[in-house]
Amino acid sequence: MKQSLRKITIDETEFLWRHAFGYVDTGAKNYRTASTLSIYKSGFKQGRLLVDFETWEDAVLGNPLNQGIAVDENTPPINLNKPKEIRKVIVYALENGWNGEVQMHIKDGFVIFRKGDQDIDLSK
């Protein structure tokens, strides 16, 4: 099944985004979920914003980032399929130097949603 890009408009600028996830084998048949947001400013495919999240996986509940379940006590519930969460990510990236024309990679997307001040790695 081909995943299409979804559209969101912020301050009259159109962005395209996709949420994909896979699994990371941590040994002894234990797996963690690796989720990635790919966000583009419309017309600037080379200026992609990548945001990575890694979290636990539950056999019954599945990926908490697909369900809106809090992953820990310092992070509010996040559902990466909801446009309101994507808006927060885009606004955060724009406020921290991303302009949609140059690629940026946020390796720990939870810093966007965590309560309190955190060190931020905005490496490209």
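Rings of Phe, Tyr and Trp (its six-membered ring) are taken to pair if their centres lie within 6.5 Å, with planes under 30 degrees apart counted as stacked, over 60 as edge-to-face and the rest as tilted. By this rule, four aromatic pairs are found. The rings of Phe 21 and Tyr 23 have centres 6.1 Å apart and planes at 90°, so this pair is edge-to-face. Phe 21 has a relative accessibility of 40% and counts as partly exposed; buried denotes under 20% relative accessible area, exposed over 50%, and partly exposed the range in between (1.4 Å probe, protein chains only). The structure is a predicted model, in which local features need pLDDT of at least 70 and side-chain atom pairs count only at pLDDT 80 or more, whereas totals for chains, interfaces and linings use all residues. Residues are numbered from 1 along each chain as its sequence is written, and side-chain values use heavy atoms, with hydrogens and water left out.

A further edge-to-face pair is formed by Phe 53 and Phe 110, at 5.2 Å centre to centre and 85° between the planes. This pair links distant parts of the chain, 57 residues apart: Phe 53 belongs to strand β4 (residues 44-56), and Phe 110 to the segment after β5 (104-106). Helices (H or I, at least four residues) and strands (E, at least two) are DSSP runs, numbered from the N terminus. Both Phe 53 and Phe 110 are buried, and ring pairs link these two residues with Phe 113 into a cluster. In addition, the charged end of Lys 45 sits over the ring of Tyr 40, 5.1 Å from its centre; the criterion is NZ of Lys or CZ of Arg within 6 Å of the ring centre and within 35 degrees of the ring normal.

The strands form an open sheet of five, in the order β1-β2-β3-β4-β5, with mixed pairing; two strands pair if DSSP finds at least two bridges between them. The edge strands, β1 and β5, each pair on one side only. From one strand to the next, the twist averages 25°, where axes are lines fitted to C-alpha atoms, for helices over the stretch in contact, and angles run from 0 to 180 degrees between N-to-C directions. Helix α2 (residues 83-95) packs on the sheet and touches β1, β2, β3, β4 and β5, its direction making about 55° with that of β1.

Strands β1 (residues 6-10) and β2 (residues 13-27) are antiparallel and share five bridges, with Ile 10 opposite Thr 13. Their hairpin has two residues between the strands, and Asp 11 adopts a positive phi near 50°. Strand β2 is joined to β3 (residues 30-41) by twelve bridges, also in the antiparallel sense. Trp 17 has Ile 39 of β3 as its bridge partner, while Leu 16 is partnered by Tyr 40.

The largest nonpolar core, a set of buried Ala, Val, Leu, Ile, Met, Phe, Trp, Tyr and Cys residues joined through side-chain atoms within 4.5 Å, has 25 residues, and Ile 39 and Leu 49 have the most contacts inside it. The largest share of this core, five residues, comes from α2. Beyond its neighbours within four places in sequence, Ile 39 is in contact (heavy atoms within 4.5 Å) with residues including Phe 15, Leu 49, Ile 86 and Trp 98.
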